[in-house]
Amino acid sequence: KKEERGKVRHDNTRGEVVFKDTPSHEIVQSMKKGLKKSLEAISRTQNRPLEPKRDFTYKAKIIERNEFTFTSYSPLCYRHIREFLDTPPEPFIAELCTNEWKVSKAAKSSSLLYFAGPHYVIKTMNKEESQFLRNIIHLYYHHIKFNPHTLLPRYYGHYSVVLQSTGDKISFVIMNNVFDTGGRKLSLRYDLKGSKVGRMAEPGEQPLKDLDLKSPILVGESRKNILLGQIYRDTDFLSHCQIMDYSFLLGVVKTDGEDVQRNVSRYIDERCIQADEGGMLSQSGDEIYYSGIIDILQEYTIRKKAETFIRSVRYKREEISAVPPGLYKRRFNEFLESKIR
């Protein structure tokens, strides 16, 4: 079996993306086939409470002879998570397994992103990210259970597929699309970390970064407190798991006088984060904000600690991205406190 090398390139002769040694369309075909069988199998299984010692570590395998071996990690656990997030199995399976997947390379990453319809994103993972998610799934499960309106990625499933033709192993997660705007065009996109070094976008670069955000996020006092409260709970979880280097992804849609249904008075709780056409309407009604905390599988490893040391020689420690989880959380929260009003 080949190690996960995470190489993404564009094959000009074929006119498509190649991940590791395998053309993207071959990967997608195996992923969709394995997903359909796996999701249908767990939906037919009688539901029951989790057995922590078994269900958080359980792996269900599907072997398609001469094609692939497909693994579903903690399948009952993710079935419960989908229920916490009010995701019925039939439309979930239909959107993932019948729609065409559109491929994109993740910014500054070796991952591939596949968009399966408007609601879901399939993201490939490296070996370290996949193992780390398996290590913290019990903590993530309980956080989602008690925070169904979390801003963290909503992981609906965690899988891997080993292709018989090449031996390549591709690990991936299914998660929510933060920018599920109902077809509305984003006018601005930001990736915000709360740091300063290297946090201004180059001309034409997308998304924009911390130093490019000049205007405040205007949602009003009551919804500001609700939004920040959820951010605090989510970053407490990330800090507890020794996670850093995550981002606050923000998309802005201009309403241009469109009559957007306001749910300000209707939802004065965590539901208001996605109550207005899937986002949060600005106080003026001129903009809709779509937001989420992304890239949450970076543990503060020895490599990251070395990066902290090296970069802090040249820059102030408070301004660099790679800092310990506690400091990262505090700086991240303080930055968002200064921007959300």
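# How the terms fit this structure

Biologist: The bridge partner of Ile62 is Phe70, which lies in β5. What makes β4 and β5 count as a pair?

Modeller: Two strands pair if DSSP finds at least two bridges between them, and six bridges join β4 to β5 (residues 68–73), so the requirement is met. The two strands run antiparallel, and Ile63 stands opposite Thr69 of β5. Strands here are DSSP runs of E with at least two residues, while helices are runs of H or I with at least four, and both are numbered from the N terminus.

Biologist: What kind of model is this?

Modeller: This is a predicted model, in which local features need pLDDT of at least 70 and side-chain atom pairs count only at pLDDT 80 or more, whereas totals for chains, interfaces and linings use all residues. Residues are numbered from 1 along each chain as its sequence is written, and side-chain values use heavy atoms, with hydrogens and water left out.

Biologist: Why are β4 and β6 called edge strands?

Modeller: They belong to an open sheet of seven strands, paired antiparallel in the order β4-β5-β9-β10-β8-β7-β6. Each of β4 (59–64) and β6 (101–105) pairs on one side only, and that makes them the edges. On average, neighbouring strands of the sheet are turned by 25° against each other, direction ignored; such angles run from 0 to 180 degrees between N-to-C directions, and axes are lines fitted to C-alpha atoms, for helices over the stretch in contact.

Biologist: Which strands of this sheet does α4 touch?

Modeller: Helix α4 (residues 89–98) packs on β6, β7 (112–116), β8 (120–125) and β10 (169–176), and its direction makes about 65° with that of β8. Contact here means heavy atoms within 4.5 Å. Helix α5 (residues 127–146) lies across β4, β5, β8, β9 (157–163) and β10, running at about 115° to β8.

Biologist: How do you know that the length of α6 agrees with what a helix should span?

Modeller: The expected span is 1.5 Å times one less than the number of residues. For the 20 residues of α6 (residues 221–240) this should be 28 Å, and the end C-alpha atoms are 28 Å apart, which agrees.

Biologist: What makes the arrangement of α6 and α8 roughly antiparallel?

Modeller: Their axes come within 9 Å and cross at roughly 165°. Angles over 145 degrees count as roughly antiparallel, those under 35 as roughly parallel, 65 to 115 as roughly perpendicular and the rest as oblique, and therefore α6 and α8 are roughly antiparallel to each other. Their crossing is right-handed, a word used when the near helix is turned clockwise from the far one by less than a right angle, with left-handed kept for anticlockwise.

Biologist: Which residues of α6 and α8 meet?

Modeller: Among them are Leu228, Ile231 and Tyr232 of α6, and Phe332 and Leu336 of α8. The residues of this contact divide into six nonpolar, four polar and three charged, where Ala, Val, Leu, Ile, Met, Phe, Trp, Tyr, Cys and Pro count as nonpolar, Asp, Glu, Lys and Arg as charged, and the others, Gly among them, as polar.

Biologist: Why is α3 described as roughly parallel to α5?

Modeller: Helix α3 (residues 75–84) and α5 pack at an angle of about 30°, with their axes 10 Å apart, and that makes α3 roughly parallel to α5. Here the crossing is left-handed. Residues in the contact include Ile81 and Phe84 of α3 and Ile137 and Tyr141 of α5, and by class there are nine nonpolar, one polar and one charged.

Biologist: What makes α5 and α6 antiparallel or parallel?

Modeller: The axes of α5 and α6 come within 11 Å and cross at roughly 170°, and the two helices are therefore roughly antiparallel. The contact includes Leu139 of α5 and Phe237 of α6.

Biologist: What makes Gln242 and Pro207 worth a second look?

Modeller: Most residues other than glycine have a negative phi, and most peptide bonds are trans. Gln242 has a positive phi of about 60° although it is not a glycine, and this residue is found in the loop between α6 and β12 (247–254). A cis peptide bond, with omega about 0°, joins Gln206 and Pro207, and Pro207 lies in the loop between β11 (188–192) and α6.
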